[in-house]
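Let's take a walk through this structure together. Keep the 3D view open and turn it as you read.

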Amino acid sequence: MHRRLIVTIILLSSLIISGCYNRLEVDETVIVVGYGVDIKGEQKVFSAQLALPEPRMQQAGSNGSLSMIVTEPGQGFAEAARRVFLTLPRTPVWSMTDTMIMSEKLAREDIGLVVDFLARNRFLRNNLFLFLSKGTSPEEIYRIEVPPENYSALALEKMIKAQEKQIGIYIPVKQKDFLYKSATAGIEPVIPQVIIEKSGEQKRLKLEGTAVFRDQSMVGSLNEQESRGFRYLSPQMISGGLFIIESPTGNTDKGILQNAVTLELIRSRAQVESVLEGNKIKMNIKIEAEGNFYEQSNPTDLSSQAMIKNLEIAANKTIKRDIQKCIDKAQLLKSDILGWGLNISRYCPQEWEQLKNNWPQDFARVESEISVDFKIRRSYLLEQAFKFNN
Amino acid sequence: MRYLNKGKADTKPQLPNRVSAALSVNIQENIEQLRALLNACSDVVIREFTFGRQQETRCVLLYFDGLVDRTEIEENLLKPMLLEINMLEKESHPLEQKALLQQIQEHILSLAEVKPVSTLEEICHHICSGDTVLLVDGNQKGLAAGTRSWHTRAIQTPENESTIQGPKEGFNETLRLNTALLRRRLKSTQLKIESLLIGRISQTDTAVCYLEDIAPAGLVDEVKDRLSGIDIDGVLDTGYLEEFLENTKWTIFSQVEYTEKPDRVCGHLLEGRVCIMVDGSPMALIVPTSFPQFLITGEDYYQRFVPASLFRIMRFIAFFIALLLPSLYVAIISYHQEVVPSSLYLTIASSREGVPFPAFVEALIMESVFELLREAGLRLPRAIGPAVSIVGALIIGDAAVKAGLVSTPMVVVVAFTGIASFISPAYNAGTIIRIARFGILFASGLLGFFGILISLLMMLIRMASLSSLGQPYLSPVAPFDRAQISDILLRRPWTMNTNRPYMDRMQNRSRQKKASNNNGG
């Protein structure tokens, strides 16, 4: 009995001795919703958007902003991030962070400055969304208010997710994708760009273009059309988004105003196969896609079998054109954002051993053959074209 | 076993020696002795009268007022003795004093239950139980007539175990009535109701009910052994017996099950368990039981198996909510902020802004206040009960939040936990959850998720080491019984429920013919 009691006391006290290790009360913390990395001269600049807790009682007249932006320069990003404590009485909670913005300046300089911070820091989530602030600094981006969202960092995350399903231009890039692509030979990372659009006094955020990297730094960007093409070529199945084709009825004289036909992409899958013939490298790209008929600009009946066939052919052409634009741009920038090197290294590992040393140059002369198979499945509730009563 | 050994020495209740003496032939002596025994018992009635016309014989009638049916004594005992004696005397042979008692029993008393008694001890026991004792001069024996009748609660719906579907009758405080409720449901001679007397002073009738050939004989013997080993002055509720039946006392886990519903008892009896009932208590005690059994209601078996299974799953979830929710909340907001979505964290953060206590202390205070309100609510007189619960729930809760003493999410967590803890149909299981919740809360306040894990493991190890009269406490989960698990986590359709749950040494496990014959295709 005595011995048992002593053992119990020792066991219980060992619980207490450790003493609430790592405890962090909520009211000693402040949430970081997004953070950004930048450089300014010889200094690294770290900025973060903090979410301020709403006051308990909705006091009249307190219409202050719910977010707060802190910016600190430092020799290293981790140091800069901790210098925040010099001005902030609370401990930032990094684990809630959803958004990271890298400035164009830093990206053009060297992403090597920041990747170790991203990869090593145990507080940062691996699945936060990455953006590149084009022509501005992350701090400026975070300063723009995006009603009805309280925090522009969260707004950016929602925007990039929603646009992929709805319009289908950019692919969201998470930190882990970015780090993986940076660390892998034969594939280069991309990051969607965010810009500040000014219309008069008003400033707003807009997603525009995709930054392309090569050899640790940004070399250029894809525009909207090229970004679409890039999305078609992504190795996962993609779904959602709209695209416009020209009506196949033939009266081209009326222009796109009369001739636009909108199709909705349900799903699309790309298969890329590399073929090496002597010195020639060729990529066979096969796209299988399905979509719905969504909108037409003039009430010609497009529902006949033949017309649908024609629509599909026109859609194939449009998709192929977007993809070709993307490939051209990537080859121009000599950046293998499409992962073709990785593809070759999987299918022809021996040849890749010789190719990889001179890959960016070789990538620029890779030929490609694109075949697209788009099928129209449904046309929603209206089966025939809208008929005017005349 | 140690209870048995301790008890065996003197199992009989110890009354003063003079009581165990046999009756004397002289009625005057008997009366004097009885008067001495019943001295200062103001409720006793000692009625002396003479009997017979030719030879007058002194007789005495003893009973306790209030325990007997007086009209029955008057109509069927006193009246025949005083009036119909003539009929006896008309017979050819005259009455002999020696055979008088037998003749009275055979010819005069028009009561169903009459039996001879020969010692003062027996007499006392009978009159205390509401029987009437008749002593006749010249006889060393007396007659005890069953005239028990006292005011008792009507059969009501049990307040603590209400059901939507299924029988609504509940036990009351009279043992005979309770056993009758069982017999009415199981009309078979296989239903055995063995009687025991426990309690030196209380002399409480205790019934051990089981189904012969279904309940393992060893189990029944073990129960009877343990019960007869009890030497205590009084047994006022089946709860007294629980601790004598348990193998392990030093634990928060109750190893027996209580119910007030005869249908639930019958369900258990049919599964081979043993039920113990005590006169004066509406609670039937069922052994052996296992922990998962606490989350099962009798109603599950009256509903179709689909809703019953869903409710059962819900009950299991609610069990974990009641056990873990406050600790999880504390662990998350003071140690593991990363597991909540940022919008939720923001909401929590803004409501915790300005709360003076750390989350753990806040949780501890709120849980204690809830337990306090709950306990007070039970004890409060009916008339003030609702008023106090309104003050407790609305005013204290709301004012505390408004004053910034506690945060709103904590109130939600505590309220939800409180409601979830009522989902267990067994009250004693609810108390297990309530006690364990505080332990886990401490551990989570000290170590976060790690502490919760440690305390859950400790609980699990403790539970795995317990057994309820030979049945492992976690069965059929551990040791794992595949045939049985489907009737614990879900409710198996009756057509598939062909076997009784496994119990050690059970002879007859078949409940019905195989399902295929039963379905009719």
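## Two chains and where they touch

Chain A holds 13 helices and 13 strands. Keep in mind that this is a predicted model. Chain B, for its part, has 20 helices and 12 strands. How does the radius of gyration of chain B sit against the globule rule? For 521 residues the rule gives 24 Å, and the value for chain B is 30 Å, well over that, so chain B is more spread out than a compact globule.

Here are some basic numbers for each chain, side by side.

| Chain | Residues | Buried | Box along the principal axes (C-alpha) | Contacts joining residues at least 24 apart, among those at least 6 apart in sequence |
|---|---|---|---|---|
| Chain A | 390 residues | 37% | about 90 × 65 × 60 Å | 72% |
| Chain B | 521 residues | 35% | roughly 105 × 60 × 45 Å | 66% |

The last column is about contacts inside one chain. In chain A, 72% of the contacts between residues at least 6 apart in sequence link residues that are at least 24 apart. For chain B, that share is 66%.

Now for the place where the chains meet. How many residues does each chain bring to the contact? Chain B gives 22 residues and chain A gives 22 residues. On the chain B side, three helices each put in at least two residues: H12 (305-334), H13 (342-352) and H17 (427-447). The largest share there belongs to H13(B), with 8 residues. And what kinds of residues make up this side of chain B? Sorted by type, they come to 12 nonpolar, 7 polar and 3 charged.

H17(B) is worth another look, this time for a partner inside chain B. Find H18(B), residues 449-465: its axis comes within 6 Å of the axis of H17(B), and the two cross at roughly 145°. Is that crossing left-handed or right-handed? For H17(B) and H18(B), it's right-handed.

You can pick out the residues that make this contact. From H17(B), they include Ala436(B), Gly439(B), Ile440(B) and Ala443(B). From H18(B), look for Phe450(B), Ile452(B), Ile454(B) and Met459(B), among others. Taken together, the residues where H17(B) and H18(B) touch divide into 9 nonpolar and 4 polar, with no charged ones.

So H17(B) turns up twice: on the side of chain B that touches chain A, and in the crossing with H18(B).

How values were computed
Residues are numbered from 1 along each chain as its sequence is written. Chains are lettered from A and ligands numbered from 1 in the order in which they are written. This is a predicted model: local features need pLDDT of at least 70, side-chain atom pairs count only at pLDDT 80 or more; totals for chains, interfaces and linings use all residues. Two residues are in contact if their C-beta atoms, placed from the backbone, lie within 7 Å. Helices (H or I, at least four residues) and strands (E, at least two) are DSSP runs, numbered from the N terminus. Ala, Val, Leu, Ile, Met, Phe, Trp, Tyr, Cys and Pro count as nonpolar, Asp, Glu, Lys and Arg as charged, and the others, Gly among them, as polar. Axes are lines fitted to C-alpha atoms, for helices over the stretch in contact, and angles run from 0 to 180 degrees between N-to-C directions. A crossing is left-handed if the near helix is turned anticlockwise from the far one by less than a right angle, and right-handed if clockwise. The radius of gyration is taken over C-alpha atoms; the globule rule is 2.2 Å times the number of residues to the power 0.38. A residue is buried if 20 or more other C-beta atoms lie within 10 Å of its own, exposed if 12 or fewer, and partly exposed in between; C-beta atoms are placed from the backbone.
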